[in-house]
Amino acid sequence: MGATPEAGRRLRTCVGCGVRHSADRLLRFRLAAGAWTVGGQGGRSSYACADPRCVVTGLRRGGFERALRGHGPRLDRAEGLRLAAGGLVDKAARLLGLGVRARTVAVGREAVSIAMARRRACAIVVAEDAGRDARAWAA
């Protein structure tokens, strides 16, 4: 499943699987003030697919440090997976926010009920801290 170069797209290589993707499809790991972070701009960075297997493979092979040419501390497995999970949550929240702005995401019980009645609901996302009634209603 290789990526084909698209005009105007920045292609980056995953440190885990070695496949080239556009940068917006990958998680960007970078070193900022001596600490690893996900996302952000500026400086040297490493990229990994959103698949945890790619993150683990990149960690095992030292791909994150190699991309930074040996500058900075080694990224350990637990920290790498924690950063990847946080990066995925941030990416999902941004995509949901874009959907709300584009009016393709229904928010709230009434709006979701209308979308379901019109058969326009593809998925229902329920907050982790939602009450028992909301979880039962969505099920």
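## Salt bridges

A salt bridge here is a side-chain nitrogen of Lys or Arg within 4 Å of a carboxyl oxygen of Asp or Glu. Helices are DSSP runs of at least four residues, numbered from the N terminus. The model is predicted. It holds 2 salt bridges.

One joins E79 and R82, at 2.7 Å from N to O. Both residues lie in helix α3, 3 residues apart, about one turn of the helix. An α-helix has 3.6 residues a turn, so residues three or four places apart point the same way. E79 has 28% relative accessibility, so it counts as partly exposed.

R53 and D51 form a salt bridge too. Their closest N and O atoms are 2.7 Å apart. R53 counts as exposed because its relative accessibility is 62%. D51 counts as partly exposed, at 25%. Side chains of opposite charge can pair when their charged atoms come close.

## Helix α1 and its cover

Helix α1 spans residues 52–61. Its buried residues are C54, V55, V56, T57, G58 and L59. Several elements help to cover them. Among them are β3 (27–32) and β5 (45–48). Helices α2 and α3 (77–101) also contribute to this cover.

G62 comes just after α1. Its phi is positive, at about 75 degrees.

## A positive surface patch

Four arginines gather in a patch of positive charge on the surface: R60, R61, R66 and R77. R66 is found in helix α2, residues 63–67. R66 has 54% relative accessibility, so it counts as exposed. The cut-off for exposed is over 50%.

## Positive phi in two loops

R103 has a phi near 60 degrees, a positive value in a residue other than glycine. R103 sits in the loop between α3 and α4 (109–117). Its relative accessible area is 77%, so R103 is exposed.

R119 also has a positive phi, near 60 degrees, and is likewise a residue other than glycine. The loop that holds R119 runs between α4 and α5 (132–138). R119 counts as exposed because its relative accessibility is 78%.

Definitions and conventions
Residues are numbered from 1 along each chain as its sequence is written. This is a predicted model: local features need pLDDT of at least 70, side-chain atom pairs count only at pLDDT 80 or more; totals for chains, interfaces and linings use all residues. Side-chain values use heavy atoms; hydrogens and water are left out. Patches are made of residues with over 30% relative accessible area and no salt bridge: like charges are joined within 9 Å, nonpolar side chains (Val, Leu, Ile, Met, Phe, Trp, Tyr) within 5 Å. Accessible areas come from the Shrake-Rupley method with a 1.4 Å probe; for residues, only the protein chains shown count as cover. Lys and Arg count as positive and Asp and Glu as negative; His and the chain ends are not counted. The place of a charge is taken as NZ of Lys, CZ of Arg, CG of Asp or CD of Glu. Buried means under 20% relative accessible area, exposed over 50%, partly exposed in between (1.4 Å probe, protein chains only). Contact means heavy atoms within 4.5 Å.
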